[in-house]
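The following report describes side-chain packing, charge pairing and aromatic contacts in one protein model. Please read it alongside the sequence and the coordinates.

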Amino acid sequence: MASLLTTAPARLLAACLVVMGVIALLFFTVVDLRPQISPDFFFGPNDPELAQSTRIHDLFPADEFLVISAAGDDIFSVRYLERLAAFSSDLSRIAGISRLVSVVDGPETVATAMKSPFWRPLLISDDSHATLVIAFMDAADPSHVITEIEAAARLFDEGDAFHIRLSGMPYITEQIKRSLVYDFRLFSGAALAIFFVLLMIVFRSAVIALGASMSGITAVFLTLLLLQMIGQPVGILTANLAVIVFVLAQSQIIYLTSNWRRRTETDPLAAVKKAVHQTFGASFWCMVTTLLGFTTLLAVAAEPLRQLGTGGIAGALSALICSFVLYPAFLLFAVRKPRSESPAAPARDIPRRTKLAGYGIGGVLLVIAGVALPGLLTLNTDPGLLSYFKEGSDIRAGLAFIDKNGGSSPLKLVVRRENGERLDSEVGYEAMWKLHNELAAQKEVGTVISLPALMAEANNHPLAFLLPWREIISVLSMDMNQRIADNFLTEVRRDTLFLLRMKEEGRQQDRTEITAKLHRIVTEAGFEPVLTGGVYVLQGRLSDLVAKSLLVGSAYLIGAFGALAWWISRDGAVTAAMTVTAALIPLVILGAAGWFRVPIDVISAPAATVSFGIAVDALIHLALALKRYRRSHGAKAAWHLALREQSTGVIVSTAVIAAGFVIFSLSGFPPIARFGSAIVLGAIFAGLATLTLFPLLAQGFGRIGRRA
């Protein structure tokens, strides 16, 4: 680094611009920015959490499917049925749809479906004002299929007479992907513009604003290049990584620029070298803290969180490199007025009014933290799928309607008799039918599709009484009946599948608790739950992992930061004050989420960790300045000198972080809005706490230590 700064300024800037250009060229050539999100995006293909769902799919192969609701004034009318038949015919011609099931190609009539124990829950809404179309898809990439289905829905929709709504995991996944891509394109550009304007206002230099923006963008490009090299695609969380990395770079650039402006050297090269030397140590430890925060995510058995952890580690390293290798070259060409007053000049006593204001703000922050603490007990870490979409939006309204009328989240139960008996008998049928009814009676269960319901439908055939149950199942396993029984019964006829569509709206318990209740029902009915899978179960397990990550990850991060604070300050009182101040950041974020009933989903949950890693930068910079001034001026003057030196950087960094993420709170995609709002809250609290609460606590702990 020092050798770079001793070269000619023009050659150094030219070399940095070439490096930026090469990184940008590689980025646009190599990196694929499309988020790779599948219906089981909660876990990676090798995660043990996905093993049971995979095993169920191996036993009972089935394509992904969409649930399409067609509501009307009268679902028995000829007009409605003609419209539904035309809509179904149009859907069947879409490439990627393997088959359709609806009242016009399944049961003979709507009236027949209404009376059928199999077709009624599958194809008729609870309020009898809509029928459902089940569209099975065999496309590897369902995006184009969903786009064409949406186009067909717009074409055939006639308002109240024939109103179409879509649901199903492929559709929900596609909507999440679209929201992420839209926000990435819109808010990344908006954040860049806001950062540029803020830096122009604060430093009043186009060179500094341009250099900071270009260095931050290069850090983003370098991060995504590194992730591409290790084979990690852009996922549900890494789509937001660009702004996180950009902010990490800007935070260090602001402190570097602030220290550079305070230098007294008249030689531009010497001033930049001194500023780099003064700032790099604190920035290095800030990077270490950020790495610790993202490292906590690597141990979580959830693919999105691990991806963010890996991306955050690459981003923290890239931000440090670009901030101290590329950005300093721009400072050589920025206008700076050298200060005549030495930054180490003796400090006057802090005015009494300023002290009182600091004590007052620090006291208010402690009160806020105390009020936030009980909110941790009411955290909602298991929100429903509908919370991913904005209230009042057409998408959420459609999902809510289908959820209310049959459920929206699939859960699969594979069960067998406790005595291991075959199920293709009248005794087995009666036992399965009893279990079917008990599962359907649960308020969290929307629809149950099972073998006994299918057999009950087959038994309605006039000649069915001539065949025993085993033969009926054999007939349903023939090719002429599309081997439909094989979708519910294994070849040895001892394990059977119950497919449940679970309701998300109005759920009072966590998904894992509801799943455990269903297991108890299975056991009490004389069956053994062999396998449990589906999105509902995976989401429940993911919610447990998110809650555990928040608790264990935050505790680990605070403990690791405490050790780092001791290494930096070598002072017990300062270490305790830094640790307590830092610990209040996730406490306030999560406590506020609990009080205001803000859902903590997998996208917004990492905000506490990310905010912690970004916000403690101010504490580290101030603590190192305090340590430096204590050696030369003693403890009494050190606080005033350190605060005078670092306050500008803390204030500007806080403002830039808050402004950069506040635009995310305006997102139409609720998880992103929650993510941005949490980081804004954490940044503002951390900035104020660094300048007021941290000194207050350090002095208080110091007095306690001296008395002891």
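Contact here means heavy atoms within 4.5 Å. The model is a predicted one, and the values below are computed from it.

**Two buried positions**

By that definition, and leaving aside residues up to four places away in sequence, Leu91 touches Ile68, Ile97, Leu100, Val133, Ile149 and Ala152. Leu91 has its place in helix α4, which covers residues 78-92, and because its relative accessible area is 0%, under the 20% cut-off, it counts as buried. Between Leu91 and Glu148 the C-alpha to C-alpha distance is 8.4 Å, although the two are 57 residues apart in sequence.

Ser409, in strand β5 (residues 409-417), is likewise buried, with a relative accessibility of 0%. Not counting residues up to four places away in sequence, the contacts of Ser409 are with Leu385, Leu500, Arg501, Met502, Glu504, Val535, Tyr536 and Gln539. With one of these residues, Glu504, the side chain of Ser409 also makes a polar contact of 3.4 Å. Glu504 takes part in charge pairing as well, since a network of salt bridges links Asp382, Glu504, Arg507 and Arg511.

**Salt bridges around helix α4**

Over the whole structure, a search finds 14 salt bridges. Three of them are listed here with their N to O distances.

| Basic residue | Acidic residue | N to O distance |
|---|---|---|
| Arg79 | Glu158 | 2.7 Å |
| Arg83 | Glu158 | 3.3 Å |
| Arg93 | Asp90 | 3.4 Å |

What does the salt bridge between Arg79 and Glu158 tie together? The side chains of Arg79 and Glu158 meet at 2.7 Å, N to O. Arg79 lies in helix α4 and Glu158 in the loop between α7 (143-156) and β4 (163-167), so the pair ties together parts that are 79 residues apart in sequence. Glu158 also forms a salt bridge with Arg83, with 3.3 Å between the closest N and O atoms. Because Arg83 lies in helix α4 and Glu158 in the loop between α7 and β4, this pair ties together parts that are 75 residues apart in sequence.

The residues of these pairs can be placed by their accessibility. Arg79 is partly exposed, with a relative accessible area of 49%, and Glu158 is partly exposed too, at 31%, whereas Arg83 is buried at 18%. In the salt bridge between Arg93 and Asp90, Arg93 counts as exposed with 60% relative accessibility, while Asp90, at 21%, counts as partly exposed.

**Aromatic pairs and charges over rings**

The structure holds 14 aromatic pairs. One of them is formed by Phe65 and Phe136, a tilted pair with 5.8 Å centre to centre and 50° between the planes. This pair links distant parts of the chain, 71 residues apart, with Phe65 in strand β1 (residues 64-71) and Phe136 in strand β3 (residues 130-137). Phe136 is buried, with a relative accessible area of 13%.

Why is the pair of Phe280 and Phe324 edge-to-face? Planes over 60 degrees apart count as edge-to-face; the ring planes of Phe280 and Phe324 stand at 85°, with the centres 5.2 Å apart, so the pair falls into that class. Here too distant parts of the chain are linked, since Phe280 belongs to helix α11 (residues 268-295) and Phe324 to helix α12 (residues 303-326), 44 residues apart. Phe280 is partly exposed, with a relative accessible area of 29%, while Phe324 is buried, with a value of 2%.

Tyr80, Phe87, Phe156 and Phe162 form one aromatic cluster.

Charged side chains are also found over aromatic rings. Arg99 lies over the face of Phe136, at 4.1 Å from the ring centre, and Phe136 is the residue that forms the tilted pair with Phe65. Elsewhere, the charged end of Arg417 sits over the ring of Phe527, 5.7 Å from its centre.

Terms used
Residues are numbered from 1 along each chain as its sequence is written. This is a predicted model: local features need pLDDT of at least 70, side-chain atom pairs count only at pLDDT 80 or more; totals for chains, interfaces and linings use all residues. Side-chain values use heavy atoms; hydrogens and water are left out. Helices (H or I, at least four residues) and strands (E, at least two) are DSSP runs, numbered from the N terminus. Buried means under 20% relative accessible area, exposed over 50%, partly exposed in between (1.4 Å probe, protein chains only). A polar contact is a pair of N or O atoms within 3.5 Å; within protein, one must be able to donate a hydrogen and the other to accept it, and residues adjacent in sequence count only if both atoms are side-chain atoms. A salt bridge is a side-chain nitrogen of Lys or Arg within 4 Å of a carboxyl oxygen of Asp or Glu. Rings of Phe, Tyr and Trp (its six-membered ring) pair if their centres lie within 6.5 Å; planes under 30 degrees apart count as stacked, over 60 as edge-to-face and the rest as tilted. A charge sits over a ring if NZ of Lys or CZ of Arg is within 6 Å of the ring centre and within 35 degrees of the ring normal.
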